[in-house]
Amino acid sequence: MPSFDVVCEPDMIEVKNALEQSNKEISTRFDFKGSDARIEQKGEELMLFGDDDFKLRQVKDVLLNKLAKRSVDVRFLKDGKLEKISGDKLKQIIEVQKGINTELAKKIVRIIKDSKIKVQASIQGDAVRVTGGKRDDLQEVMAMLRKDVEEAPLGFNNFRD
């Protein structure tokens, strides 16, 4: 039976490269001279530091631009709340999302079942496995999901004939 998995995984190597490029640009920009503006990565979290709210937003803009240039979808990022560190200095944690949450997985399964295409969808952990009798049906499901699901950047892997 042909099958594939619907996943939501960013390319973490590209995220790290964008982070390093962002830090390099921040260190050379004139408007950040003498400030403690930087970005750090700890596992699946990116920590943005800035001297004030304006500089923190500038750091985030630099990061988003570098991610876009490296073809990393910004929908993978989930903003955390702003925290005061000391004085006026601010810190914001941005979580890099991996995997499909259960609500989105249920929505994907419902979209596939409502389409009346002869395939089966099942939730398996943080992915959705789609199996069907014909390869063309699976490709039709892929195209439909790309069009209908906008809240997360979906990827398709483990395509098997």
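Two aromatic pairs were identified in this predicted model. A pair of aromatic rings is described by the distance of the centres and the angle of the planes. In the pair formed by Phe4 and Phe156, the ring centres are 5.6 Å apart and the planes stand at 80° to one another, an edge-to-face arrangement. This pair bridges distant parts of the chain, since Phe4 belongs to strand E1 (residues 3-7) and Phe156 to strand E8 (residues 155-160), with their positions 152 residues apart. The other pair joins Phe4 to Phe159; with centres separated by 6.2 Å and an angle of 15° between the planes, the two rings are stacked, because planes under 30 degrees apart fall in that class. Here too strand E1 is linked to strand E8, through residues 155 positions apart. Phe4, Phe156 and Phe159 together make up one aromatic cluster. Within this cluster, Phe4 has a relative accessible area of 0% and is therefore buried, whereas Phe159, at 32%, is partly exposed.

In soluble globular proteins, nonpolar side chains tend to be buried together. The largest nonpolar core of the model comprises 44 residues, and the members touching the most others are Val6, Leu46, Ile108, Ile112, Val130, Val141 and Leu145. Helix H3, spanning residues 102-114, is the greatest contributor to this core, supplying six residues. The surroundings of Leu46 were examined further. When residues up to four places away in sequence are disregarded, Leu46 touches Val15, Leu19, Leu63, Leu77, Ile93, Ile94 and Val96, together with Glu40, Gln41 and Gln92.

Two residues of helix H2 were also considered. Lys60 is located in this helix, which covers residues 53-69. Despite its charged class, Lys60 has a relative accessibility of 18% and is classified as buried, because the limit for that class is under 20%. Beyond its neighbours within four places in sequence, Lys60 is in contact with Leu48, Asp79, Gln92 and Ile94. Gln92 and Ile94 also appear among the residues that Leu46 touches. Val62 is likewise placed in helix H2 and, at 3% relative accessibility, is buried. The contacts of Val62, again leaving aside residues within four places in sequence, are Ser22, Glu25, Ile26 and Arg29. The C-alpha atom of Val62 lies 8.8 Å from that of Asn23, although the two residues are 39 positions apart along the chain.

The largest pocket has a volume of about 250 Å³. It is lined by 14 residues, of which Gln97, Gly99, Ile100, Asn101 and Ala152 are the closest to its centre. By class, the lining consists of six nonpolar, five charged and three polar residues.

Backbone geometry was examined at two loop positions. Most residues other than glycine have a negative phi. Ser71, in contrast, has a positive phi, near 60°. This residue is situated in the loop connecting H2 with strand E4 (77-84), and its relative accessibility of 69% places Ser71 in the exposed class. A positive phi, near 65°, is also found for Lys116, which occupies the loop between H3 and strand E6 (119-124). With a relative accessible area of 71%, Lys116 is exposed.

Terms used. Residues are numbered from 1 along each chain as its sequence is written. This is a predicted model: local features need pLDDT of at least 70, side-chain atom pairs count only at pLDDT 80 or more; totals for chains, interfaces and linings use all residues. Side-chain values use heavy atoms; hydrogens and water are left out. On a 1 Å grid over the protein atoms alone, a cavity is a set of points where a 1.4 Å probe fits but cannot get out, and a pocket is an open set with protein on both sides within 12 Å along at least five of seven lines; lining residues have an atom within 4 Å of a point. Grid points are joined across faces, edges and corners, and a volume is the space filled by probe spheres set on the points. A nonpolar core is a set of buried Ala, Val, Leu, Ile, Met, Phe, Trp, Tyr and Cys residues joined through side-chain atoms within 4.5 Å. Buried means under 20% relative accessible area, exposed over 50%, partly exposed in between (1.4 Å probe, protein chains only). Helices (H or I, at least four residues) and strands (E, at least two) are DSSP runs, numbered from the N terminus. Contact means heavy atoms within 4.5 Å. Rings of Phe, Tyr and Trp (its six-membered ring) pair if their centres lie within 6.5 Å; planes under 30 degrees apart count as stacked, over 60 as edge-to-face and the rest as tilted.
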